[in-house]
Structure formats: structure tokens, C-alpha cells
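Student: Could we go through how the two parts of this protein meet, and check each label against its rule?

Tutor: Gladly, let's start by looking.

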Amino acid sequence: MSHAAESAVRPEPDQVLQDIADYVHNFKIESDLAFETARLCLIDTIGCGLEGLRFSECARLMGPVVEGTVVPNGTKVPGTSFQLDPIRGAFNIGTQIRWLDFNDCWLAAEWGHPSDNLGAILAVADHLARQGQPLTVRDILEGMIKAHEIQGQLALLNSFNRVGLDHVVLVKVASTAVVSKLIGLDRAQTIDAISQAWADGQSLRTYRHAPNTGSRKSWAAGDACARAVNIAYLVKKGEKGMPSVLSAKTWGFYDVLFKGKPFQFALPYTSYIMENVLFKISYPAEFHAQTAVEAAHILHNQLKNLGKSSDDIKSIRIRTQEAAMRIINKKGPLDNFADRDHDINYMVAFPLIFGELTSQSYTDASAADPRIDALRAKIHCVEEQQYSIDYHDPSKRSISNALLVELNDGTVLDEVQVEYPVGHKRRRAEGTPLLLAKFERHIASHFDAARQKEILETVNDSSLAKLPADKFTDLFVKA
């Protein structure tokens with residue numbers, strides 16, 4: 001038996017790699033809407049990280065691997081006094097940002113949280129600025145816009161969760177691309193780095209949304225950010241890439257992890273994703289449930305006006321989208337914070353009982369109230385096909401839910417439907433003041449009145465974009 005020799009000639013890089021590198025290096029962001037949305041996203045994301053630090057499970061993961069290590073000109077971590085190498089800094093920042101599932105969101109064939117990428121972008125920009133490089137907040141904003149765009153466009157038509165891959169693989173790819181430019185890699189080196197990010201994709205298989213697996217790995221985004229920064233610096237030291245990492249037969253990403261299907265794209269890379277990103281404003285809840293939670297608050301007030309309470313409820317029907325049915329519709333015991341904030345039944349039951357849903361609502365102490373599970377047992381979810389269609393419609397991108405409540409005395413309340421959450425682009429004017437109020441709440445737990453005033457004046461100043469990157473981070477660090 002004879003076998004043909006395998007060619008040793010390096011192929012041209014996959015077009016997907018080239019397109020991402022060309023976008024990062026050559027596309028000029030000129031959209032005022034994108035930059036203003038990025039500013040809101042930046043301060044909201046920092047605030048979400050600070051809020052995450054109020055929980056010991058998150059705070060204990062902060063800091064260097066070797067206790068007491070301080071890196072000269074290293075990355076400073078918001079909400080802490082740590083100064084770390086940029087790889088560990090990216091892990092710290094990315095982890096605190098993602099901890100409470102309260103940062104922004106993008107929903108398509110794949111869902112995700114594009115502001116996770118700030119963990120890598122801020123860590124590197126801060127470190128480089130402390131070394132004397134002239135990086136400003138505008139560079140951070142541009143990096144965010146481009147990372148959002150890369151992650152979001154890859155997510156529009158390609159479902160990674162359906163093949164068992166968590167969406168943070170896209171964080172790693174987007175962050176690698178943006179960080180590559182920040183640290184001075186050229187186009188060819190950026191392609192090498194992006195290829196390495198895809199090659200590492202299998203290691204980011206997780207079971208964060210799978211049933212009966214315990215908990216969501218809340219530091220997965222921090223891990224992706226750290227890997228991205230590490231890859232970029234390895235390529236800067238001379239590490240080569242794998243040009244056919246996606247398309248290679250048998251060994252490539254498509255054949256190994258994507259059932260042989262190449263990626264599909266609906267739009268060119270511009271600034272579309274940032275301009276249309278979804279903010280989590282009112283509730284720290286998985287985004288497919290945001291409108292259901294809003295409807296539950298409305299019904300809580302209706303019951304109160306009728307002299308009724310959740311004890312008077314016989315049954316609740318939730319009409320929702322297919323994605324919610326698949327990833328956040330859970331029955332049975334919920335073991336921890338991460339399980340609870342990914343169960344639509346819990347996220348509806350809690351505000352129906354208490355009239356609120358906050359980060360504290362998912363703690364063991366809050367979940368111990370027996371009324372919650374009793375009410376969860378009365379809830380059933382059904383897919384509304386039109387909601388699923390509108391969810392993917394580019395002209396709508398709605399995330400609808402509708403709640404129908406029947407009382408023990410036979411009374412059926414009018415169904416409450418909410419089509420767009422307050423963080424949607426269609427409700428941006430309504431949502432922006434609420435988003436800023438959310439940020440103010442998050443910094444209030446960490447800083448005295450004078451520091452809060454300084455922070456708010458700075459982030460709302462028209463010259464924010466000109467502020468050096470390290471001076472921006474200094475606003476949020478502790479002595």
C-alpha cells in the first residue's frame with residue numbers, strides 16, 4: 001500500500017483570519033453613535049466589575065498567582081490595589097466584569113457578552129500607558145468597538161453552543177485580534193495570533209448552560225481574556241500561526257468542532273454591533289429573561305393593587321422564545337447563584353413575591369425562602385414561534401416574553417407582554433439615564449463621596465476620550 005506525501009507548503013491564511021486582521025488594522029471607526037455607545041458600555045462594564053467584587057466568591061479570585069507580587073508598570077485592577085502582569089490583569093478584570101452576568105449582551109445564532117473583551121483591552125492599554133506609550137481612552141473605546149464587532153458578527157449566523165462550545169471562544173478570538181494591534185503586531189503577525197486563538201478553541205469547551213452540571217464557570221471570560229493576551233505576546237516573541245487552522249481537512253476547527261461547516265457571515269465588519277448592543281440595566285438577569293422580569297414587576301404591582309399577593313397565584317404561563325426554552329428553563333433544585341440567574345422561572349417568581357430582583361436575590365440566603373420554589377412549581381413555559389422569528393429578524397431583534405397569571409379564585413389577569421427590554425436600542429433614550437444611575441450605584445459601594453464626584457465628572461466630561469488610559473484606570477483603583 002502506498003500513500004501520497006503530504007504537502008509541506010504553507011497555505012494562504014484562511015479568509016476569515018485575513019478579514020479580521022484587515023478590519024482591526026485598516027478600518028477607521030467614524031460613527032459618533034458607536035463611540036458614544038462605547039463610552040456608556042465602558043463605564044457600565046467597569047461598574048459591573050466593581051459590583052462583582054462585593055461578592056467574596058469573586059473577590060477571592062483577584063490578585064497575583066504568587067501572593068504579594070507587584071509588577072512594575074503592570075496592569076492596575078479596578079476596585080483593588082493589585083498591580084499585575086497584563087495576562088493576570090486580564091484574568092482579574094475579565095472575571096470581575098462577567099461575575100454577575102450584569103454586563104452587556106448580544107443575541108443571535110450565538111449569544112454572548114461582548115464587553116467581556118474589556119478585560120483584555122483595558123489590561124493591555126493600562127500596562128502600555130504605564131510604560132509611557134500614548135494610549136488614551138479613545139484607544140480603549142476603538143478597541144471595544146472592534147472587539148464587539150468581531151465577536152458579534154461571528155455570532156450572527158454561527159451557533160457555537162449547539163456544538164458544545166461556550167461563547168467565550170469568541171471573546172478569545174476578538175480580544176486576541178484587538179490586543180495584537182495594541183501591542184504593535186503587524187497584519188501578518190495578527191493573522192498568526194488569531195489563528196492561535198482558534199487553535200485553542202477546544203480548551204474552552206464548557207458546560208456552563210448544560211442541565212444538571214452544577215454551576216456556570218463565572219471566570220470563563222477572565223480565562224479567555226488572559227489566553228488572548230498571552231497569545232498576542234507569544235506571537236510578538238516570534239511564535240508562528242497556523243494559516244489553515246479553520247479549513248484544514250480532518251485537523252481544522254471546522255472539521256473537528258463545527259461539523260464540517262464553514263462560518264457564515266451576514267454583514268461586513270463595521271460598527272454595527274456596538275451601535276445595537278443590548279445593555280442589562282434594570283435587572284441582573286440572563287438576557288432572554290429580561291422582559292419576563294419586567295412583566296413580573298408589572299404583575300406584582302397589579303396584585304398589590306388588587307389586595308392580592310403571590311400566595312394567591314394558581315398558575316403562570318410564560319410565552320417565550322426558543323433560545324430561552326433551551327437555555328434558561330429549569331425545573332428542580334437550583335444549587336447556587338449561577339443556577340438561579342439562569343432560570344427564567346426563578347427570575348419571574350422572585351419579583352412576583354418581593355417586587356424586586358437584585359444581585360442579592362440569587363444568594364443562598366435569599367433562595368432559602370420556601371415561597372420561591374413553591375411558585376416556580378406553578379410556572380410553565382411555552383415557545384411562541386413569532387417571538388423566535390422576531391428574535392432573529394435584523395429589523396427587530398426583539399427578546400419578547402409574555403406572562404399570563406391565573407389566581408386561585410379563578411380570576412385570570414390580562415396577559416402582560418414586553419417585547420423589547422429597556423436596554424435595547426429601541427429604548428436607548430429611556431435606558432441611558434437608568435444605565436448611568438446603575439453605574440452610580442455600583443461605584444457608591446467602593447468609594448467615598450469625593451471620589452464618586454471625581455469619577456462622575458470625568459466619565460461625563462466631553463474630553464474623556466483624551467484621558468490617558470492609565471489615568472482612567474487610576475480613577476477606580478484602591479490604595
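**Where the domains meet**

Tutor: Domain 1 and domain 2 bury about 1800 Å² between them, 55% of it on carbon and sulfur atoms. Buried area is the accessible area (1.4 Å probe) that two parts lose on being put together, summed over both. This is a predicted model: local features need pLDDT of at least 70, side-chain atom pairs count only at pLDDT 80 or more, and totals for chains, interfaces and linings use all residues. Residues are numbered from 1 along each chain as its sequence is written, and side-chain values use heavy atoms, with hydrogens and water left out.

Student: What are the bounds of domain 1 and domain 2?

Tutor: Domain 1 covers 15–279 and domain 2 covers 287–421; such bounds come from an automatic or database domain assignment.

Student: How many residues of domain 1 and domain 2 are in contact?

Tutor: With contact meaning heavy atoms within 4.5 Å, 21 residues of domain 1 touch 20 residues of domain 2.

Student: Why is Glu 322 with Arg 162 called a salt bridge?

Tutor: The rule asks for a side-chain nitrogen of Lys or Arg within 4 Å of a carboxyl oxygen of Asp or Glu. The closest N and O atoms of Glu 322 and Arg 162 are 3.4 Å apart, so the pair qualifies. Between domain 1 and domain 2 the count is one salt bridge.

Student: What makes Phe 55 and Phe 337 an edge-to-face pair?

Tutor: Rings of Phe, Tyr and Trp (its six-membered ring) pair if their centres lie within 6.5 Å; planes under 30 degrees apart count as stacked, over 60 as edge-to-face and the rest as tilted. Phe 55 and Phe 337 are 5.6 Å centre to centre with 80° between the planes, so they fit the edge-to-face class. Because Phe 55 lies in a loop and Phe 337 in helix 14 (residues 337–340), the pair ties together parts 282 residues apart in sequence. Helices here are DSSP runs (H or I, at least four residues), numbered from the N terminus.

Conventions. Helix = DSSP H or I, 4+ residues; strand = E, 2+ residues; numbered from the N terminus.
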